[in-house]
Amino acid sequence: SMAAQIGKLPGVREVAPVFIVMDVQYLGVIYGIDYPRFDGLSDGFTFLSGEPLSAPNDALADDLAAASRHLRVGEKLTLMNHEFDLKGIVVHGKGARFFVPLKTAQEIAGAENRVSMIYVRSTGDTEALRAELVKRFPTYRIRSTEEYMSLMTSNSLPELTPFINSFVGLGVVISFLVVLLTMYTMVLERRREIGVLKALGSTKLE
């Protein structure tokens, strides 16, 4: 219902509700989409093989997921403990590894008429449309694509840098100790040879 309200606003070209599900077996992100609307957000999916979603049990996989799981168009695919027909393989970069029909994802998750997020494509002035959406829906987080993408960088996670630095420091210390242990072990194993050399008159430099 909210997607329908947004679609009536001036400056809106396309509205695409998305239901997000995590496949716990393979730790992959699955988007439940209304295919024509989601495809209309940008230049659409780039198909490497296959064709668009057309049936409730159809699914799309991006090229990374297909390569890692050795998937081929026409095969059976299990997602969310549900069997799908792999209809096509697309180029990655659309937000998820797998795409299934919106209603199917909602039914499997027991969340009919609910969505996780709504993508909106403007006719031109994105910031003006965003300001209007913020005014009409003040209780929801509304971000532009640039802002949303910036959240995926390490700069938006201030706790990440100390965490990484701590692990790097720990790695340096462990490496140093391993080198010292190796040298100490080598000296212990050659004490007899060192003693013989010293008895023959060898110096430390020799």
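# Exercises on a Predicted Chain

Tyr 31 and Phe 99 are both buried. The model that contains them is predicted. The exercises below begin with this pair of residues and then turn to charged groups, the surface and the overall form.

## Exercise 1. An aromatic pair

Determine how many aromatic pairs the structure holds, and classify the pair formed by Tyr 31 and Phe 99.

**Solution.**

Step 1. The structure contains eight aromatic pairs.

Step 2. In the pair of Tyr 31 and Phe 99, the ring centres are 6.0 Å apart and the planes make an angle of 85°. Planes over 60 degrees apart count as edge-to-face, and this pair is accordingly classed as edge-to-face.

Step 3. The positions in the chain are then located. Tyr 31 belongs to strand β2 (residues 28-33) and Phe 99 to strand β7 (residues 98-101); with their positions 68 residues apart, the pair links distant parts of the chain.

## Exercise 2. A second partner for Phe 99

Classify the ring pair of Phe 38 and Phe 99, state whether these residues are buried or exposed, and identify the cluster of ring pairs that includes them.

**Solution.**

Step 1. The centres of the Phe 38 and Phe 99 rings are 5.9 Å apart and the planes meet at 45°, so the pair is tilted.

Step 2. Phe 38 is part of helix α2 (residues 35-39) while Phe 99 is part of strand β7, so this pair ties together parts that are 61 residues apart in sequence.

Step 3. Phe 38 and Phe 99 are both buried.

Step 4. Phe 38 and Phe 99 belong to a cluster linked by ring pairs, whose other members are Tyr 31, Tyr 35, Phe 45, Phe 47 and Tyr 119.

## Exercise 3. Salt bridges

Give the count of salt bridges, and describe the one between Glu 51 and Lys 87.

**Solution.**

Step 1. The count comes to six salt bridges.

Step 2. In one of them, the side chains of Glu 51 and Lys 87 meet with an N to O distance of 3.2 Å. The criterion requires a distance within 4 Å.

Step 3. Glu 51 sits in the loop between β3 (47-50) and β4 (58-62), whereas Lys 87 sits in strand β6 (residues 82-90); the pair links distant parts of the chain, 36 residues apart.

Step 4. Glu 51 has a relative accessible area of 41% and is therefore partly exposed.

## Exercise 4. A charged network in helix α5

Establish which residues are joined with Glu 132 into one network of salt bridges.

**Solution.**

Step 1. Glu 132 and Lys 135 form a salt bridge in which the closest N and O atoms are 3.6 Å apart. These two residues both lie in helix α5 (residues 126-136), at a spacing of three residues, about one turn of the helix.

Step 2. The accessibilities follow. Lys 135 counts as exposed, because its relative accessibility is 62%, while Glu 132, at 22%, is partly exposed.

Step 3. Glu 132 also forms a salt bridge with Arg 136, with the closest N and O atoms 2.6 Å apart. Glu 132 and Arg 136 are four residues apart in helix α5, so about one helical turn separates them.

Step 4. Salt bridges with shared partners thus join Glu 132, Lys 135 and Arg 136 into one network.

## Exercise 5. The surroundings of Leu 64

Locate Leu 64 in the chain, and state which residues it touches beyond four places away in sequence.

**Solution.**

Step 1. Leu 64 is located in helix α3 (residues 63-69). With a relative accessibility of 39%, Leu 64 counts as partly exposed.

Step 2. Once residues up to four places away in sequence are excluded, Leu 64 touches His 92 and Arg 97.

Step 3. His 82 is 18 residues from Leu 64 along the chain, and the C-alpha atoms of these two residues are separated by 21 Å.

## Exercise 6. Surface and overall form

Identify the residues that make a nonpolar surface patch of about 510 Å², and compare the radius of gyration of the chain with that of a compact globule.

**Solution.**

Step 1. The patch consists of Phe 163, Ile 164, Phe 167, Val 168 and Val 172. Phe 163 is found in helix α7 (residues 160-189).

Step 2. The chain exposes about 14000 Å², of which 58% comes from carbon and sulfur atoms. Of its 206 residues, 26% are buried.

Step 3. The radius of gyration is 28 Å, whereas a compact globule of 206 residues would have a value near 17 Å. The C-alpha trace spans about 95 × 45 × 30 Å along its principal axes.

Step 4. The chain has eight helices and eight strands. Among contacts with a separation of 6 or more, 65% are between residues 24 or more positions apart.

Definitions and conventions:
Residues are numbered from 1 along each chain as its sequence is written. This is a predicted model: local features need pLDDT of at least 70, side-chain atom pairs count only at pLDDT 80 or more; totals for chains, interfaces and linings use all residues. Side-chain values use heavy atoms; hydrogens and water are left out. Patches are made of residues with over 30% relative accessible area and no salt bridge: like charges are joined within 9 Å, nonpolar side chains (Val, Leu, Ile, Met, Phe, Trp, Tyr) within 5 Å. Accessible areas come from the Shrake-Rupley method with a 1.4 Å probe; for residues, only the protein chains shown count as cover. Rings of Phe, Tyr and Trp (its six-membered ring) pair if their centres lie within 6.5 Å; planes under 30 degrees apart count as stacked, over 60 as edge-to-face and the rest as tilted. Buried means under 20% relative accessible area, exposed over 50%, partly exposed in between (1.4 Å probe, protein chains only). The radius of gyration is taken over C-alpha atoms; the globule rule is 2.2 Å times the number of residues to the power 0.38. Contact means heavy atoms within 4.5 Å.
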